[in-house]
Amino acid sequence: MKANQVWNDLKNVKDKGPLVHNITNYVVMNTTANALLAIGAYPVMAHAVDEVEDMVTIASSLVVNIGTLSPRWVDAMIKAIKAAKRKGIPIVIDPVGAGATPYRTDTCLMLLSAGNPSVIRGNASEIMALENAAVKTKGVDSTQSSESALDAAKVLAKKYHCIVSISGKIDHLTDGNNVITLEGGDDMMPKVTGLGCTASALTGAFVAVAEDKLQAAASAMAVMGIAAEMAAEKATGPGTLQLHMLDAFYNMSEDDVKKKLRS
Amino acid sequence: MKANQVWNDLKNVKDKGPLVHNITNYVVMNTTANALLAIGAYPVMAHAVDEVEDMVTIASSLVVNIGTLSPRWVDAMIKAIKAAKRKGIPIVIDPVGAGATPYRTDTCLMLLSAGNPSVIRGNASEIMALENAAVKTKGVDSTQSSESALDAAKVLAKKYHCIVSISGKIDHLTDGNNVITLEGGDDMMPKVTGLGCTASALTGAFVAVAEDKLQAAASAMAVMGIAAEMAAEKATGPGTLQLHMLDAFYNMSEDDVKKKLRS
Amino acid sequence: MKANQVWNDLKNVKDKGPLVHNITNYVVMNTTANALLAIGAYPVMAHAVDEVEDMVTIASSLVVNIGTLSPRWVDAMIKAIKAAKRKGIPIVIDPVGAGATPYRTDTCLMLLSAGNPSVIRGNASEIMALENAAVKTKGVDSTQSSESALDAAKVLAKKYHCIVSISGKIDHLTDGNNVITLEGGDDMMPKVTGLGCTASALTGAFVAVAEDKLQAAASAMAVMGIAAEMAAEKATGPGTLQLHMLDAFYNMSEDDVKKKLRS
């Protein structure tokens, strides 16, 4: 990852202001919308079966997040994914809690078969649970290493012809062949709810306006880490960390990217 | 707009503490509830078809916001509007995203015909989309000027015997004949999600306790602008702007109103 | 209440990191999840009838909050309560707005009969409304004193073999026989939405990992008050109070507990 590539991708978002259609969970809607606005994109949240197809027609990308799913929402997710596929806009899927319950895992498989996503973005255990359900039949290993998650990610990426973005202490992104590795962020990030969901939403904004989707998805993760480091300088706990990340998304300059990017 | 009128309306809210029944969207529920509490009103969020009529009986006003609508919610909105009409309490409608999808526009028309609102509060494009759907048959002009939105607002206000409150860089409010114009606020406001929804909720609190509804609706918008200016003095981005607006609603004094009010 | 007992209970949560399954309202989901993370617990929000039983199997406790209820959610709440009962994990019920509408009161009675809770946590008027509906037939007294709420709490505690935790300027907790009384907190707390819901969620975390449930439920309330006092030192209004409480949950040390605890 080079700083000027991250900055170019970020500037691209700010210049083009993509409209990101989110079908996401109740917990994070406010912070997701605020993060998209702060970064220079435009959020729309719409989940009614009666309107998701129409909303997709005016959107630049679709982000589907199953954090607080229920049947009618899943119906809408599938309808929206199919519409996004027809229109040819990027689709990002965040398989929140895949593996925690059969309902979550099964729903993810339905979403993936409704239309190949551009990006699957989750943590190591979600990616491994997904690969296990989609590919293997044996149980998920309970002690996931980052490396084994990367193997699972490569398999998923090849099966669904997509990018898989794994967040963690070190982020890994792959299109099945190439791998981008990113370090950064702050140790308090796991103490803030929904930062993974924010990462998925930003990924939706970045891939909406870029040619190189793998690079753009990685730039989104880099921006998350840089914002967290900027915020950590002002934060005194996880509450203020979340708050100042919003300010950091808004204020992030080329200079900030150059100073903070680790790779 | 005179500062002492705005202050009187604000003090009225703080003294009377109206209970505002909100049927609003998932994105803003937390910030809406916090804004109402900070300003001195009391929020209640209830959307079940089984209880909205009962909740209206204890409320001072009803605010209906279609930000994340779906069929069962629309059923409840209509039931609540009819109950509020029977009881004679003010109804505020926020037509979030009217014009973006047919479902939104059609729902707005259903809500408006369920019971004339006291106030329709939206941005220029929403008001124009609504007027277009309710009155005209030709398509919505994509380049809305504030003036043409004001014309649309006057038509809507006369058709539904209500006040129309248009937020923007300059706010316009009209009852169809009289017009109040307001300047103020901060350039970062569009980077915070749901400030329009907050404006609708405060409008619900202000019109609940005032005789002069047009003036009260304008005072609510003035308070939004003043709070944003107070918050901007402490804010370093949209995250901290949203936060400090809550503090400003709580702390706003007669002196603040006098110093900050522009008109 | 002794400070070392509160600290032991808090440290227990931080050390054991219980997974708290919340079926709660839309208004508070974000702040509830953040509070649980900050205190050292792990939140999961899941409300689909199709998965609540599976989610309960991996949870350490279940918190059910009826703030924005609707029929499908109530179905899921009942299913989850029955599953939690079978598994033997603690159940906390927050009867938000009990007494405000018949639907709320009736739902509470259904939840209570679905499986005796470990803790009912509400404010004085909710507890009195509940006791009135569950035990008496005459109307709820409109002027509830803290004492009469305590009487109602004792009756409820005996009827449902549970702890009742009443929040207010002074908190009262009882198992029907013993009473713990707590003073503390900050006068601005009622100006922040959902702090009662946060108290219920923390109660879920504390009773999940402690033997003495009455003591643990009281420690959760003590931690709320201490966090509010810590936050008030930095806050300039209700917005910043809510924010800094999250930081305080995260930072709270044995020394903070010893200095701030009043009883």
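Trainee: How many residues of chain C are in contact with chain A?

Mentor: In this predicted model, 23 residues of chain C are in contact with 23 residues of chain A. On the chain C side, the elements giving two or more residues are helix H2 (29-39), strand S2 (42-45), helix H3 (52-58) and helix H10 (238-251). By class, that side of chain C has 14 nonpolar, five polar and four charged residues.

Trainee: What makes two residues count as being in contact?

Mentor: Their C-beta atoms, placed from the backbone, must lie within 7 Å.

Trainee: Which elements of chain B touch chain C?

Mentor: That contact takes 23 residues from chain B and 23 residues from chain C. At least two residues each come from helix H2 (29-39), strand S2 (42-45), helix H3 (52-58) and helix H10 (238-251) of chain B. The side of chain B that touches chain C splits by class into 14 nonpolar, five polar and four charged residues.

Trainee: How do you know whether the copies meet through different surfaces?

Mentor: Look at the overlap. Only 13% of the interface residues of chain B are also interface residues in chain C, so these copies meet through different surfaces. For chain C set against chain A, only 13% are likewise interface residues in both, so the conclusion is that those copies also meet through different surfaces.

Trainee: What rotation superposes chain B on chain C?

Mentor: A rotation of 120° does it, with 0.0 Å of shift along its axis and an RMSD of 0.0 Å. That is the relation of a three-fold axis. The C-alpha of B:Tyr26 is the one in chain B nearest the axis, 3.7 Å from it.

Trainee: And what turn lays chain C on chain A?

Mentor: A turn of 120° with a shift of 0.0 Å along the axis, giving an RMSD of 0.0 Å. In chain C, the residue that comes closest to the rotation axis is C:Tyr26, its C-alpha at 3.7 Å.

Trainee: Now inside chain B: at what angle do helix H5 and helix H6 pack?

Mentor: Helix H5 (residues 102-114) and helix H6 (residues 124-134) of chain B pack at about 70°, with their axes 10 Å apart.

Trainee: Why is H5(B) called roughly perpendicular to H6(B)?

Mentor: Angles from 65 to 115 degrees count as roughly perpendicular. The angle here is about 70°, so H5(B) is roughly perpendicular to H6(B).

Trainee: Which residues meet there?

Mentor: B:Thr105, B:Cys108, B:Leu109 and B:Leu112 in H5(B) meet B:Ala129, B:Leu130, B:Ala133 and B:Ala134 in H6(B). By class, the contact has seven nonpolar, one polar and no charged residues.

How values were computed:
Residues numbered from 1 in each chain as written. Chains lettered and ligands numbered in written order. Predicted model: local features only at pLDDT ≥ 70, side-chain atom pairs only at ≥ 80, totals over all residues. Least-squares fit on C-alpha atoms with pLDDT ≥ 70 in both. Helix = DSSP H or I, 4+ residues; strand = E, 2+ residues; numbered from the N terminus. Nonpolar A, V, L, I, M, F, W, Y, C, P; charged D, E, K, R; others polar. Axes fitted to C-alpha atoms, helices over the stretch in contact; angles between N-to-C directions. Parallel < 35°, antiparallel > 145°, perpendicular 65-115°, else oblique.
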